[in-house]
Amino acid sequence: MDTGDPKSRGERGRARSAEARNVRADAREADADERAVMADAREADADAREVTADKRKVNADLREVGANAREVEADVREVDADARELLADVRQADAASQARHVEERMRAADERAVAAELRLAEANVHMQAAKEHLIAAATETATADHRTEDAERLMSFADEQLVVAAAKLAEATSDSEEYQRALFHYTQLVRHRMANPLQVIVGAAATLRARTDLPIDEHLALLDVIVKEAVVLERICLAPKIMDPSEDTLNPTPTLRGHASTAAPGEARD
């Protein structure tokens, strides 16, 4: 290779300029990746599943940052090689002006080498920040998993309580319906059985009020009839029992689950 050819040197200069631009572009890309990692870490608190995806993205960004760092190191080595090539050009140059030009190029190469080292240091800083974000994302993932487990336990407990409440509601509804049925049968039975005692009591009382001159024995007999029929009414109201085949379809005593009940004589059974 003719190192003294201006055209070749111009091409190498353009190549190194393109590589320098690539280094800057890689640095900007690493900065953009860092911001993406920070955004992913903030979203980890909202959605545990996205945290997992963000963590994979951070790992990919870390690998990309590492690749960029290795590329920067390769650029530094290439700059060093260029510097050695310039030294060889200096040794081959005969004119003092060419030597000064080579020295200027060497200074420019040194500046590019310093800039490349700076970019490498920045890439290392970005890599460290990305690792810290990855650790934070893992912590947020663990917290989200713990909260998910707590929520699942609470949901399970709520489901159990809902089942118990539904069973209690069904039992209460059934008991209420049974009470309403027994009350209806009780009303029918009492109405059917109260007519005769009431008629006797009303007739005896009316006779006593109308016949104030009754002999004492008839007076006491009517009072005994009133007391007797009142006892019958009390028994009918407080302890109704089936006493006639026509009343077999009635069941005034409610039958509730979990409660013992005594079947009345002559009570109809399913």
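This section describes the helices, nonpolar cores, surface patch and salt bridges of a predicted model.

The chain contains four helices and zero strands. Read from the N terminus, its elements follow the order α-α-α-α. Of the 270 residues in the chain, 29% are buried. The chain exposes about 17,900 Å², and carbon and sulfur atoms supply 57% of that area. Among contacts with a separation of 6 or more, 71% are between residues 24 or more positions apart.

The largest nonpolar core consists of eight residues, namely Ala 30, Val 37, Val 58, Leu 62, Val 65, Met 127, Ala 130 and Leu 134. Two or more residues of this core come from each of helix 1 (6-44), helix 2 (48-92) and helix 3 (96-210). Val 65, a member of this core, is in contact with Ala 30, Ala 123 and Met 127 once neighbours within four places in sequence are set aside. Of these contact partners, Ala 30 and Met 127 are themselves listed in the core. A second core, separate from the one above, has seven residues, including Ile 201, Leu 214, Leu 222 and Leu 233. In soluble globular proteins, nonpolar side chains tend to be buried together.

Ala 30 also takes part in the surroundings of a histidine, His 126. His 126 lies in helix 3. With a relative accessibility of 17%, His 126 counts as buried, because the cut-off for that class is under 20%. Outside its neighbours within four places in sequence, His 126 is in contact with Asp 31 and Glu 34 as well as with Ala 30.

Helix 4 spans residues 216-238. The helix has 23 residues, and the distance from its first C-alpha to its last is 33 Å, close to the 33 Å expected at 1.5 Å a residue. Its buried residues are Leu 222, Ile 226, Glu 229, Val 232, Leu 233 and Ile 236. Two of these, Leu 222 and Leu 233, belong to the second core. A nonpolar patch on the surface is formed by Ile 216, Leu 220 and Leu 223, which together have about 270 Å² of accessible area. Leu 220 lies in helix 4 and has a relative accessibility of 44%. Leu 220 therefore counts as partly exposed, since that class lies between the 20% and 50% limits.

Two salt bridges were found in a search of the whole structure. One joins Asp 150 to Arg 153, with the closest N and O atoms 2.0 Å apart. Both residues are in helix 3, where they are three residues apart, about one turn of the helix. Asp 150 has a relative accessible area of 25% and is thus partly exposed. The other salt bridge joins Asp 213 to Arg 211, and here the closest N and O atoms are 3.4 Å apart. Asp 213 is exposed, at a relative accessible area of 59%, whereas Arg 211 counts as partly exposed at 42% relative accessibility. The N and O separation of 3.4 Å in this pair falls within the 4 Å limit used for a salt bridge.

Definitions and conventions
Residues numbered from 1 in each chain as written. Predicted model: local features only at pLDDT ≥ 70, side-chain atom pairs only at ≥ 80, totals over all residues. Heavy atoms only, no water. Core = buried A, V, L, I, M, F, W, Y, C linked by side-chain atoms within 4.5 Å. Buried < 20%, exposed > 50% of the residue type's maximum accessible area, 1.4 Å probe, protein only. Contact = heavy atoms within 4.5 Å. Patch = residues over 30% accessible without salt bridge, like charges linked within 9 Å, V, L, I, M, F, W, Y side chains within 5 Å. Areas by Shrake-Rupley, 256 points an atom, 1.4 Å probe, with all protein chains shown as cover. Salt bridge = Lys/Arg side-chain N within 4 Å of Asp/Glu carboxyl O. Expected span 1.5 Å × (residues − 1).
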